[in-house]
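Trainee: I have just opened this structure and would welcome some guidance. Could we go through a few parts of it together?
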Amino acid sequence: MSDVPFGFGPNDRDKDRDRPGDGEGSEPKGPQDPFGFGNLPGMPPGGFPGMPGGFPGMPGAGGAGGFDMSQLGQMLTQLGQMLSHAQSGAGGDGPVNYDLAAQIATQALAQKTSSLTDGQRSAVRDAVALAQLWLDEATEFPAASSEAVAWTPTDWVTSSMPTWKRMCDPVARRVSSAWVEGLPEQAKQAAGPMLAMVGQMGGLAFGSQLGNGLGELAAEVLTSTDIGFPVGPAGAAALLPEAIEKFTEGLDRPANEVMIFLAAREAAHQRLFTHVPWLQERLLGAVEQYAQGISVDTSRIEELASSIDPSNPESIQEAMQGGMFEPQTTPEQKAALARLETLLALVEGWVDAVVAQAVGERLPGAEALRETLRRRRASGGPAEQAFATVVGLELRPRRLRAAAELWKLLGEQRGTEGRDALWAHPDLVPTADDLDDPAGFVAGSDDTDPIAEIERQFQRDRENDAAMDAAKEAAERREAAQREQDTAGGDAEQDDAEQDDDGPAKD
């Protein structure tokens, strides 16, 4: 994976510094600087693009020698794109300008990718078709779709943008608003319309950073599920032949074998997400739950104001880059990240186990490819890089290996039907504690009938729904009775009033 950060990561991010020493047993961590917000909240890393730290080649942009003349053209081009979007109002008023992001990513990819050939498209279709046949014997989930497509990196950007919007919007919107909420009321009144303009420029700056990140990421992803779940149309198995060819160059395996292995992984992902409808919502929901808890310690704003020397611009930049406005990670956010990490590990482990069962005896290099992809993920592949930058998630090898071992043991103990039945309800899937002891989880559930457990869970859900409906109906009946009583009381008062107006009743 390239060392260029995805999306909103800080320009000088050091992966070796960020990652735990052995990747084993550490607690899930929130982002040290999600979206590059070690700078001014709501702003891009180092300030707006065109300012120090805002573009590659500018001072503070990660270069060792300061200003880089070779990248001046790129800086001016992106700055011009931002100004053009600001004037036209393109991209809407959201926290991230996705039109600008797509434009920057597409332009970057045009310089280093080529069009697909008919041979590449045919190879993808054939590989997916063969993989689907093998998977039929390894899982109870049927093929998600007969559609198999070859994507260029630009196709990946276009198709994945709705997913990135769903993931990035909650975090960007919350961080952008958190610092405004923390401003003293006097400052808000003084800023007035400027706050809206800052929000628009922040969206443009975020879009620029996202576009640069997606341009790098799109050139390296191998399938539509390389980030851990599908980013394209539902059920469509998509592979990127050009990236796969580059990936194969460093392996001692035939190109068609690598293509089939990756097609099997893609098809397995698609089957799982198609037939487990709650899964993707749970994954994205964890990101949204994380975003809801973002807050900014406003006392740091006062600290920043007292530490800046207005006559020394360098002191301003140092304060901004010192994490002064870093969002504080709450226990609720850590819990959301832990749930997200566990669920992604379970997905990846299931795919790993199912594909190994499907192709293990058919592809001589299957085990070597399996280990290569595990190491690719552990050392910072697309999924690791993307999630680590967007939400601070690190998928550690121990979790992936433990999840794969758990699903393998379940398959041996219960068969494919009993193993896959655990996906029927979110309460049935293994937990983070179960991943700590896969053998113990399987041994402890030897006497459990998963189908019966599913039925019991569904029955509990039905009973809860019925109880809620009954309570709602009872409340509605009470309200209706109260309204009738109030109406009857009002009519009686009106009759008494009319009688008083007519004088005393005559005998």
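Mentor: Helices here are DSSP runs (H or I, at least four residues), numbered from the N terminus. The model is predicted, so local features need pLDDT of at least 70 and side-chain atom pairs count only at pLDDT 80 or more, while totals for chains, interfaces and linings use all residues. Residues are numbered from 1 along each chain as its sequence is written, and side-chain values use heavy atoms, with hydrogens and water left out.

Trainee: Where does alanine 110 lie?
Mentor: Helix α3, residues 98-110, holds alanine 110.

Trainee: Is alanine 110 buried or exposed?
Mentor: Alanine 110 is exposed, because its relative accessibility is 58%; exposed means over 50%, buried under 20% and partly exposed in between (1.4 Å probe, protein chains only).

Trainee: How far apart in space are alanine 110 and proline 153?
Mentor: Their C-alpha atoms are 9.2 Å apart, with the two positions 43 residues apart in sequence numbering.

Trainee: Turning to glutamate 348, is that residue buried or exposed?
Mentor: Glutamate 348 is buried, because its relative accessible area is 8%. This residue belongs to helix α13, residues 331-359.

Trainee: What is glutamate 348 in contact with?
Mentor: Leaving aside neighbours within four places in sequence, glutamate 348 is in contact with Arg265, His269, Arg377 and Leu400. Contact means heavy atoms within 4.5 Å.

Trainee: Which residues of α8 and α9 meet?
Mentor: From α8, Ile244, Phe247 and Thr248 meet Ala255, Val258, Met259 and Leu262 of α9.

How values were computed
Helices (H or I, at least four residues) and strands (E, at least two) are DSSP runs, numbered from the N terminus.
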